[in-house]
Amino acid sequence: MTEDIAPERRAYFERAQYEASASALRSRTRHRQQVGLILGSGLGALAERVGEADIIPYGEIPYWPTSTVEGHAGRLIVGGLEGHVVAVMQGRVHYYEGCSMAQITLPVRVMRLLGVETLIVTNAAGGVNPEFRAGDLMLIVDHLNLMGMAGNSPLRGPNDEAFGPRFPDMSQAYDPGLRQLAVETAGAEGIQLRQGVYAGLAGPSFETSADIRFLRLIGVDAVGMSTVPEVTVARHASMRVLGLSGISNALSPHAASETTHEEVLEAGRVLVPKLIAIVRGVLRRMRPAGSK
Ligand code: HPA
């Protein structure tokens, strides 16, 4: 056993630890959640729409990582939204904060244990596609796992077959049916919805001009410092995933302008109403879990 290791340093967790976290949550809410939502930097306002909410600070859930970054509230909100029971993570922890991959993705596995089958992930991202502008919303069609390619996978270590297979398929990481619902919602609401490939980098430094040229060459549309580890763990556990990137800043290999965290948070304010409309529209159009 590895009881003496601080949670944030664990290379992997054992079943009993995920279970301990899940049972603590069960005792804090009467809701039985079906949909998990992870809200990125500056995008936390969606959580205010949840009805009959039970609010659980991350610090009160065993092994759950707590964020140190501005724009991340650090609480789990469980309640009703558009006919579904949702568990909303208002803020997430990033790899660059120093936690292990296993710890930053622990919430996804805990949600799975609690019955969540659909995960909606959002993030703030830099626009790499030259047509993208700050304030655009992008549906993630696929991702590039640059952290994982470099050896930092949350699935590294012993595989728990009860969650999923040793070598999980990632060919349809972002569920085509859910993407279709997002496109339909955008059309109905008159929201311009970009589509593209998200690249996950470790950060926390923003990209150099050479990084941006490289990302453009390899077909990336948006870049950020999250999402990919969570989606990898969700797909390992056969969850359906919808991903949305709020473009907080446009990146150019030629621009002399700097990228700042303030800019990322400011764009969140423009993005939040659009993001809320898309997520609510998708939930409304989704069959409730268990129905045929
Ligand atoms: N780069 C990486 N991550 C980001 C950016 C960016 O420009 N903007 C928001 N998250």
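**Exercise 1. Determine which atoms of Ala124 approach the ligand, and describe the ligand's surroundings.**

Step 1. A backbone N or O atom of Ala124 lies 3.3 Å from a nitrogen atom of the ligand. This is a polar contact, that is, a pair of N or O atoms within 3.5 Å; within protein, one must be able to donate a hydrogen and the other to accept it, and residues adjacent in sequence count only if both atoms are side-chain atoms. The model is predicted: local features need pLDDT of at least 70 and side-chain atom pairs pLDDT 80 or more, whereas totals for chains, interfaces and linings use all residues. Residues are numbered from 1 along each chain as its sequence is written, and side-chain values use heavy atoms, without hydrogens and water.

Step 2. Gly126 places a backbone N or O atom 3.4 Å from a ligand nitrogen. From Ser248, a side-chain N or O atom is 3.4 Å from a nitrogen atom of the ligand. The protein covers 95% of the 260 Å² of accessible area that the ligand has on its own (Shrake-Rupley method, 1.4 Å probe; for residues, only the protein chains shown count as cover).

Step 3. The shell around the ligand holds 13 residues, each with a heavy atom within 4 Å of the ligand. The closest are Ala124, Glu207, Gly224, Ser248 and Asn249. By class, the shell has 7 nonpolar, 5 polar and 1 charged residues (nonpolar: Ala, Val, Leu, Ile, Met, Phe, Trp, Tyr, Cys and Pro; charged: Asp, Glu, Lys and Arg; polar: the others, Gly among them).

Step 4. At least two shell residues come from each of strands S5 (118-127), S8 (222-224) and S9 (240-250). S5 gives the largest share, 3 residues. Helices (H or I, at least four residues) and strands (E, at least two) are DSSP runs, numbered from the N terminus.

**Exercise 2. Analyse the salt bridge between Glu230 and Arg92.**

Step 1. The closest N and O atoms of Glu230 and Arg92 are 2.8 Å apart. A salt bridge requires a side-chain nitrogen of Lys or Arg within 4 Å of a carboxyl oxygen of Asp or Glu. By this rule the count comes to 9 salt bridges.

Step 2. Glu230 and Arg92 are both buried (buried is under 20% relative accessible area, exposed over 50%, partly exposed in between, with a 1.4 Å probe and protein chains only).

Step 3. Because Glu230 lies in helix H7 (residues 228-236) and Arg92 in the loop between S4 and helix H2 (101-104), the pair ties together parts that are 138 residues apart in sequence.

**Exercise 3. State where Glu82 lies, and describe its backbone and its salt bridge.**

Step 1. Glu82 is located in the loop between S3 and S4. Its phi is positive, about 50 degrees, although Glu82 is not a glycine.

Step 2. Glu82 forms a salt bridge with Arg284 (3.3 Å, N to O). This pair links distant parts of the chain, 202 residues apart, with Arg284 in helix H8 (residues 261-285).

Step 3. Both partners are partly exposed: Glu82 has a relative accessibility of 25%, and Arg284 has 47%.

**Exercise 4. Locate the cis peptide bond at Pro204.**

Step 1. The cis bond joins Gly203 and Pro204, with omega about 0 degrees.

Step 2. Pro204 belongs to the loop between strand S7 (193-200) and helix H6 (209-217).
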